[in-house]
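Colleague: I am preparing a lesson for first-year students on how a folded chain is held together by its side chains. Please look closely at one part of the subject, namely the contacts that join separate stretches of the chain, and explain it in connected prose.

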Amino acid sequence: MEIFQPLSNPAFRWLFLGQLVSLVGTGLTTVALALLAFDLNPSDAGWVLGVALAIKMVAYLCVAPVVGGYASQLPRKRWLAGLNIGRAVLVVLMPLCQEAWQLFLLMFLLNAMAAGYTPVYQALLPDVLPDEKEYTRALSLSRLAMEMESLLSPALAAFLLVFTSYALLFELNAVGFVIAALFLLLAVVPANTVSDRSGGVWKKVSFGVRSYLKTPRLQAVLLLNLALSAAGAMIIVNTVVYVRAVLGLSEEQVPLLMLSAGVGSMIAAFILPKLLESVHDRPVMFIGAGLLVVALLAGLSGPGYWGLFPIWFVIGIGTSLILIPTGRVVRNSCQESDRNDYFSANFALTHGMWLLGYLLAGWLGSRLGMDGAFLGLAALAAVALIAAMLVWKKDDQHDLWHEHPEMDHLHPHVHDEHHQHEHEGWEGPEPHVHPHYHPKQKHKHRFVIDEHHAHWPKQ
């Protein structure tokens, strides 16, 4: 099948195998964490687990932009492998926790490492797979792997717990991280492109988020992820409440219902690579968000248990229609040397949307009931979709006319269309650093926010 063609690339094959192994291990840890939270505080396990998940989001929001600002200076392969080894050490320590604060500390460190790992990994894929079709298939394959993990890991954990304690699940995750690190070291990956940015620590750290938020199509991507978080949080936060409290059914019927969302997402992941060869990312992502709104509104019909299956299934489809093209849009909205910054910004900001979705889904469900949650989250998703359509224009063009004022500055550069100047012979090989002058000019080319383009041009 076409979706598996990227695996013929040796570098991507090792990277993907590492992702797959670490995903399965992480899935086992998710189950083990819930059991550990209960052991640490049987009377308030939900609070312990909720705080742990909130810490996860805080780590993502705080750490990812910092890593993005300096990732271009790191040896990517060794950096990613080292983070996997670090994560292996942390998960081995988790079953040794005796107090909730110890678990919270380890959770912050573990997810800080994840925030340093995932965006750099995502920014690496376009370098390994420069062909757009292959890259799109790789995004779909990664989405498929994530859904398979969410389906298979709980079943594998349940099987293992018949024979052993949950501490073994943490140990298996550690082994998975070590194997993933070995796979990464076997991959031959291109070196980082040298960044041409100047400035101090704050400019480096904030560049990705600032540039992301100045790019109209990426503003729309963030809004669409807000719509996605509204629908996804309804599933993650309120499925158990709806099934157990509203319908009065047993806990065994909760995972079966959640399975339908995963199936929908997987089916869309299979279809999308071929679809995106002929359809632009924008309408595909808008259709995905529209499906989320329709599905949430359908929840107001009092669907009952079996009626929730098609609703969750449609949310799963909408999830892939938004998430898979997101990587393509981010890649096409930045310079190659700035990918780490942009993917880190996307990682941090979209997880901020999920934090908002989780909090809102829980608050609406507890205060207004399930109908209130469906209506409130549908309204949020609809507003986010409309705002995205206003921000991301239908005639969005990558090549834009813009004007540069005259200026002198100093930064690493190569002699591209923005750097055509004389040399005295001491400047050394490219990229090199020396004071240089830019005359005032107006021209048209693929426009992104970078060292030479600080603001989006008015058209």
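Modeller: Among contacts in the protein chain with a separation of 6 or more, 82% are made by residues 24 or more positions apart. Please bear in mind that this is a predicted model. The chain has twelve helices and six strands, and of its 459 residues 52% count as buried.

Let us begin with the charged side chains. A search of the whole structure finds seven salt bridges. One of them joins Arg-76 to Asp-127, with the closest N and O atoms 2.9 Å apart. These partners come from distant parts of the chain: Arg-76 belongs to helix H3 (residues 76–93) and Asp-127 to helix H4 (residues 100–128), with their positions 51 residues apart. Arg-76 and Asp-127 are buried.

In another salt bridge, Glu-132 meets Arg-331 at 2.8 Å, N to O. Here the separation along the chain is 199 residues, from Glu-132 in helix H5 (residues 132–161) to Arg-331 in helix H11 (residues 304–331). The surroundings of the two partners deserve a careful reading. Arg-331 has a relative accessible area of 8%, which is under 20%, and therefore it is buried. Glu-132, at 34%, lies between the limits of 20% and 50%, so it counts as partly exposed.

Helix H5 takes part in a further link. Arg-137 pairs with Glu-277, and their closest N and O atoms are 3.6 Å apart. Arg-137 lies in H5, while Glu-277 lies in the loop between helix H9 (253–275) and helix H10 (281–298), 140 residues away in sequence. The relative accessible area of Arg-137 is 7%, which makes it buried, whereas Glu-277 is partly exposed at 34%. This pair does not stand alone, since Glu-134, Arg-137, Lys-274 and Glu-277 are linked in a network of salt bridges.

Which covalent links between cysteines should one expect to find? The search gives zero disulfides. Two cysteines may be described by their surroundings: Cys-62 is partly exposed, with a relative accessible area of 46%, and Cys-97 is buried at 7%.

We may turn next to the packing of one helix against another. The axes of H3 and helix H6 (residues 167–186) come within 8 Å and cross at roughly 170 degrees. Since angles over 145 degrees count as roughly antiparallel, H3 is roughly antiparallel to H6. On the side of H3, the contact includes Leu-80, Ala-81, Ile-85, Ala-88, Val-91 and Val-92; on the side of H6, the residues include Phe-170, Ala-174, Phe-177, Val-178, Leu-184 and Leu-185. Sorted by class, the contact of H3 with H6 has 14 nonpolar, two polar and two charged residues. Among the residues of this contact are Lys-77 and Arg-87 of H3, as well as Asn-84 of H3 and Asn-173 of H6.

Phe-170, one of the H6 residues in that contact, appears again in the surroundings of Leu-36. Leu-36 is placed in helix H1 (residues 10–40). At a relative accessible area of 2%, Leu-36 is under the 20% limit and is therefore buried. Apart from neighbours within four places in sequence, Leu-36 is in contact with Met-94, Leu-103, Tyr-166 and Phe-170. Of these, Leu-103 is 67 residues from Leu-36 in sequence, yet the C-alpha atoms of the two are 9.0 Å apart in space.

Two further residues complete the account. Ser-211, in helix H7 (residues 201–214), is buried, with a relative accessibility of 2%. When neighbours within four places in sequence are left aside, Ser-211 is in contact with Tyr-342 and Ile-449. Val-263 belongs to helix H9 and is partly exposed, with a relative accessible area of 34%. Its C-alpha atom is 8.3 Å from that of Ile-317, and the two residues are 54 positions apart along the chain.

Technical notes: Residues numbered from 1 in each chain as written. Predicted model: local features only at pLDDT ≥ 70, side-chain atom pairs only at ≥ 80, totals over all residues. Heavy atoms only, no water. Salt bridge = Lys/Arg side-chain N within 4 Å of Asp/Glu carboxyl O. Helix = DSSP H or I, 4+ residues; strand = E, 2+ residues; numbered from the N terminus. Buried < 20%, exposed > 50% of the residue type's maximum accessible area, 1.4 Å probe, protein only. Disulfide = S-S within 2.5 Å. Axes fitted to C-alpha atoms, helices over the stretch in contact; angles between N-to-C directions. Parallel < 35°, antiparallel > 145°, perpendicular 65-115°, else oblique. Contact = heavy atoms within 4.5 Å. Nonpolar A, V, L, I, M, F, W, Y, C, P; charged D, E, K, R; others polar.
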